[in-house]
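Q: Could you take a close look at one part of this model for me? I'd like to hear about the salt bridges, both where two chains meet and inside one chain.

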Amino acid sequence: MSDATADRVDFRRLRTVFAGRVVVAVFAFLTIPLVVGSLDGRLLTPLAYPGYLVMMIGSSVGSYLFPNYALWLFWAPFLLGCYAVAVVAGIGYRTVR
Amino acid sequence: MRRRTFLANSAALGGSTLLGTAGATATTATTQASGGTRTTETLLAGTKYATDVITIDAPNDGPTAVVVGGMHGDEPSGYRAASDVASWEFDAGKLVVLPEANRPAIEQETRHNDDGDLNRKFPTGQAAETKLARAIWRLVENADPDVVLDLHSSKGVYRTHESAVGQAVFPTVVDPAPTYAQVAIETANDTVVPWYMPYHRYERGNFLDGSSPLLVHKVAGDLDRPGYIVESTKFVLDPPTAARWTSLVAETLLAKHGIPRRDGRVEITAGGGNR
């Protein structure tokens, strides 16, 4: 196997780990229903529940650690946290599969 | 529906004494319909604080309520909900609604106006501390209310986020406010707060007893009447939805106090009724 082939394989593996279909699907599942519902409450559905739990638990801890921060700032760590969960879910899916 | 509308001078209707204007004429619009009489006047007309006061006289006798919104200009669900209340018809009783109490702060979308935090200008046992606060307190005293509602927004979730007070109902210590607050809380949690938003369930806040210079504290301390502060959060909730939830709490409290809304409950939000 040439070095170029090895590089291409590593790149594909990285892309699968960090931006594979499972990662995108889990990230979208956690974020989109909550973001849409928070912009317009008429669009809230039970699909928002997982993301809601992540947001409430994360922002609860965040506001305890950083009580002077405005709560809207916790949307950024929420998105990062959901992405981390999605990556872990993707790795888990590939491991089980 | 037979409806008659006319404009008149508030002095002609005796409104200027109630509103205590700064020498300016408060325009008054009165609408009479089968649902009773609705009068719109201006508090502190001709000043930078000028704001509407809507008085709704239902067709049947009953208690009197004062409903205030917009004490803080950055709490939109509070003044949206108060505006909702001002648009309703009632079967009995009388409502005096001040939907946008703090117009300068609302226009600037700030908590404070030039005189600071309006809802810290109502010390018990003393005169209210600013021109606007005194006008509001005069409005309350002249209405001689059986109950006072003050509708606000909060930034976080009570007991979940540091220093946050919403979603909560804070009753005065005066009976039956604590009991009715619990009924309104349970009604809101059972009808508009979706099961999948458990942290957003309303809770009962501390009792208001006159120990702080807030409007409803003064209602308890000086008037010994039932009163409530209603707080709905902005967190993961858009202002129109928070306003609908606040409106339902207000509607329930008014109904418990014998001032039932004529045309039924507020619209149930998405996900409501699934509990």
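A: Across the interface of chain B and chain A, the rule finds zero salt bridges. Bear in mind that this is a predicted model. What does turn up between chain B and chain A is polar contact, with 10 residue pairs counted, both partners at pLDDT 80 or more. On the side of chain B that touches chain A, you'll find 10 nonpolar, six polar and four charged residues. The two chains bury about 1800 Å² between them, and carbon and sulfur atoms hold 71% of that. In residue terms, 20 residues of chain B are in contact with 23 of chain A.

Now for the salt bridges that are there. Over all chains, the structure holds 12 of them. As a bit of background, side chains of opposite charge can pair when their charged atoms come close.

Start with a network in chain B. Salt bridges link B:E75, B:R111, B:D117 and B:R120 together. One of the links is between B:R120 and B:D117, where the closest N and O atoms are 4.0 Å apart. The two ends of that link sit in unlike surroundings: B:R120 has a relative accessible area of 36%, so it counts as partly exposed, while B:D117 is at 10% and therefore counts as buried.

B:R111, another member of the network, also brings in B:A105, since the two are in contact. B:A105 is part of helix 3 of chain B, which covers residues 103-108. Its relative accessibility is 0%, so B:A105 counts as buried. Apart from neighbours within four places in sequence, its contacts are B:G73, B:T110, B:R111, B:H112 and B:N113. For a sense of distance, the C-alpha atoms of B:A105 and B:T42 are 17 Å apart, with their positions 63 residues apart along the chain.

Next comes a pair that ties distant parts of the chain together. B:R159 and B:E203 form a salt bridge, with 2.5 Å between the closest N and O atoms. B:R159 lies in the loop between strand 7 (147-154) and strand 8 (168-171), whereas B:E203 is in strand 9 (residues 203-204), and the two are 44 residues apart. B:R159 is exposed because its relative accessible area is 60%; B:E203, at 25%, is partly exposed.

The pair B:K218 and B:D222 is a local affair. Their side chains meet in a salt bridge at 2.6 Å, N to O. Both residues belong to helix 6 (residues 215-223), and because they are four residues apart there, about one helical turn separates them. Here the lysine is the buried partner: B:K218 has a relative accessible area of 1%. B:D222 has 33% relative accessibility, so it counts as partly exposed.

To put these pairs in context, chain B as a whole has seven helices and 10 strands. Of its 275 residues, 59% count as buried. Among contacts in chain B with a separation of 6 or more, 70% come from residues 24 or more positions apart. The chain exposes about 10500 Å², and carbon and sulfur atoms supply 44% of that area.

Methods: Residues are numbered from 1 along each chain as its sequence is written. Chains are lettered from A and ligands numbered from 1 in the order in which they are written. Side-chain values use heavy atoms; hydrogens and water are left out. Buried means under 20% relative accessible area, exposed over 50%, partly exposed in between (1.4 Å probe, protein chains only). Contact means heavy atoms within 4.5 Å. Accessible areas come from the Shrake-Rupley method with a 1.4 Å probe; for residues, only the protein chains shown count as cover. Buried area is the accessible area (1.4 Å probe) that two parts lose on being put together, summed over both. A polar contact is a pair of N or O atoms within 3.5 Å; within protein, one must be able to donate a hydrogen and the other to accept it, and residues adjacent in sequence count only if both atoms are side-chain atoms. Ala, Val, Leu, Ile, Met, Phe, Trp, Tyr, Cys and Pro count as nonpolar, Asp, Glu, Lys and Arg as charged, and the others, Gly among them, as polar.
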